[in-house]
Amino acid sequence: MVDGIILKGIGGFYYVDIGNSVIECRARGLFREKEIEPLVGDKVSIRINKEDNRGYIEEIYPRKTMLNRPPIANVTQLIIVMSIDNPKINLWFLDKLIVAGHNSDLNIIICINKSDIDPIKSNEIVSMYKEIGYTTIRTSTKNHEGIDDLRDILRNHVSVLAGPSGVGKSSLINLINPSFKLKTGEISKKLLRGKHTTRHVELFKLDDQTYISDTPGFSSLYINDINPYELDTYFIDINNSSKKCKFSNCLHINEPGCNVLIDVKNGKINKSRYDNYILILNEIKNYRRF
Ligand SMILES: Nc1nc2c(ncn2[C@@H]2O[C@H](COP(=O)(O)OP(=O)(O)OP(=O)(O)O)[C@@H](O)[C@H]2O)c(=O)[nH]1
Ligand SMILES: [Mg+2]
Ligand SMILES: [Zn+2]
């Protein structure tokens with residue numbers, strides 16, 4: 001028996017990295033009976049058949065974390081990738097991904113890519129999120145800005161890259177390790193958005209402790225299990241300010257003595273952050289009504 005990690009699963013076969021090679025495995029029927037499905041990222045124990053060098057997954061070790069969309073186990077870090085332009089940066093989606101990352105207990109990194117297109121605006125966004133307290137980097141696959149920083153950030157983590165189609169996720173991974181040769185796509189000239197070039201979930205190994213996944217789209221995120229009264233704790237800035245709200249169950253909509261509303265007015269909290277908080281709050285509340 002050897003331990004390994006599942007890098008990808010296709011048509012009932014699982015490709016398990018055991019350190020010096022990748023073994024094609026099937027899962028034991030036992031898992032199907034128990035309705036356990038091996039996931040990309042699972043740490044597993046496999047038995048290798050000497051004749052054909054194929055294997056069977058015998059055991060799945062307990063998962064530290066589990067994402068549903070994309071389905072990956074043991075992820076520790078979420079790298080949220082947005083391009084400053086082409087496609088245009090979407091702060092609502094960025095804030096929503098931050099909430100989703102917190103909700104899955106992941107370390108969160110904000111990566112503003114394509115900084116070559118508009119360095120000044122990239123700086124503004126990076127400064128804004130840094131000031132709030134997030135780890136933020138500026139990258140470009142054209143002039144290689146920030147690529148070494150990104151490499152440092154990835155080290156000793158299992159990271160997923162998430163963000164809209166066409167922002168440059170696959171291009172970034174290819175720069176980190178050119179041997180991967182991931183397919184990248186052109187931006188549609190008419191729609192100015194990506195064409196969902198990456199279509200399956202796969203983990204890439206950078207070294208024994210470092211893995212990265214290039215996720216398809218990542219457009220539907222699970223945030224609906226969040227308690228509306230706890231949503232403010234997923235926004236560093238709003239959470240800090242809310243400690244001075246008059247009521248402890250303040251949702252910061254229009255309650256008397258709401259300190260968050262005061263801080264939005266005096267500019268301590270960025271208006272776009274507050275607006276996105278309200279949008280996400282309404283989304284969660286609507287979901288709960290059904
Ligand atoms: N100007 C500029 N273009 C970039 C940069 N990074 C990527 N691109 C271009 O953006 C396009 C889309 O890149 P991809 O890497 O395929 O984007 P993706 O995020 O993987 O897209 P999906 O797989 O569809 O989710 C390609 O034409 C890249 O050459 C960058 O830093 N600057
Ligand atoms: Mg891609
Ligand atoms: Zn309040």
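## The barrel

In this predicted model, five strands close into a barrel in the order β1-β2-β3-β5-β4, and their pairing is mixed. Ignoring direction, neighbouring strands of this sheet are turned by 55 degrees against each other on average.

Let's look at one pair of strands in the barrel. Strand β2 covers residues 13–17 and pairs with β1 in the antiparallel sense, over five bridges. Within that pairing, I5 has D17 of β2 as its bridge partner.

## The domains

Stepping back to the whole chain, there are three domains: domain 1 spans 2–62, domain 2 spans 67–214 and domain 3 spans 228–289. Between the C-alpha centres of domain 1 and domain 3 the separation is 45 Å.

## The second largest pocket

Here is a place to point your viewer. The second largest pocket holds about 340 Å³ of space, and 19 residues line it. Nearest its centre are I5, K43, D208, Q209 and Y211. I5 is thus a meeting point for two parts of this report: it is bridged to D17 in β2 and is among the residues nearest the centre of this pocket.

Which strand gives the largest share of the lining of the second largest pocket? That is strand β1 (residues 2–10), with three residues. Domain 1 (2–62) and domain 2 (67–214) each supply at least three residues to the lining.

As for chemistry, the lining of this pocket is made up of eight polar, six charged and five nonpolar residues.

Technical notes:
Residues numbered from 1 in each chain as written. Chains lettered and ligands numbered in written order. Predicted model: local features only at pLDDT ≥ 70, side-chain atom pairs only at ≥ 80, totals over all residues. Heavy atoms only, no water. Domains from an automatic or database assignment. 1 Å grid on protein atoms, 1.4 Å probe; cavity = no way out; pocket = protein on both sides within 12 Å on 5 of 7 lines; lining within 4 Å. Points joined across faces, edges and corners; volume = space filled by probe spheres on them. Helix = DSSP H or I, 4+ residues; strand = E, 2+ residues; numbered from the N terminus. Nonpolar A, V, L, I, M, F, W, Y, C, P; charged D, E, K, R; others polar. Pairing = 2+ DSSP bridges. Axes fitted to C-alpha atoms, helices over the stretch in contact; angles between N-to-C directions.
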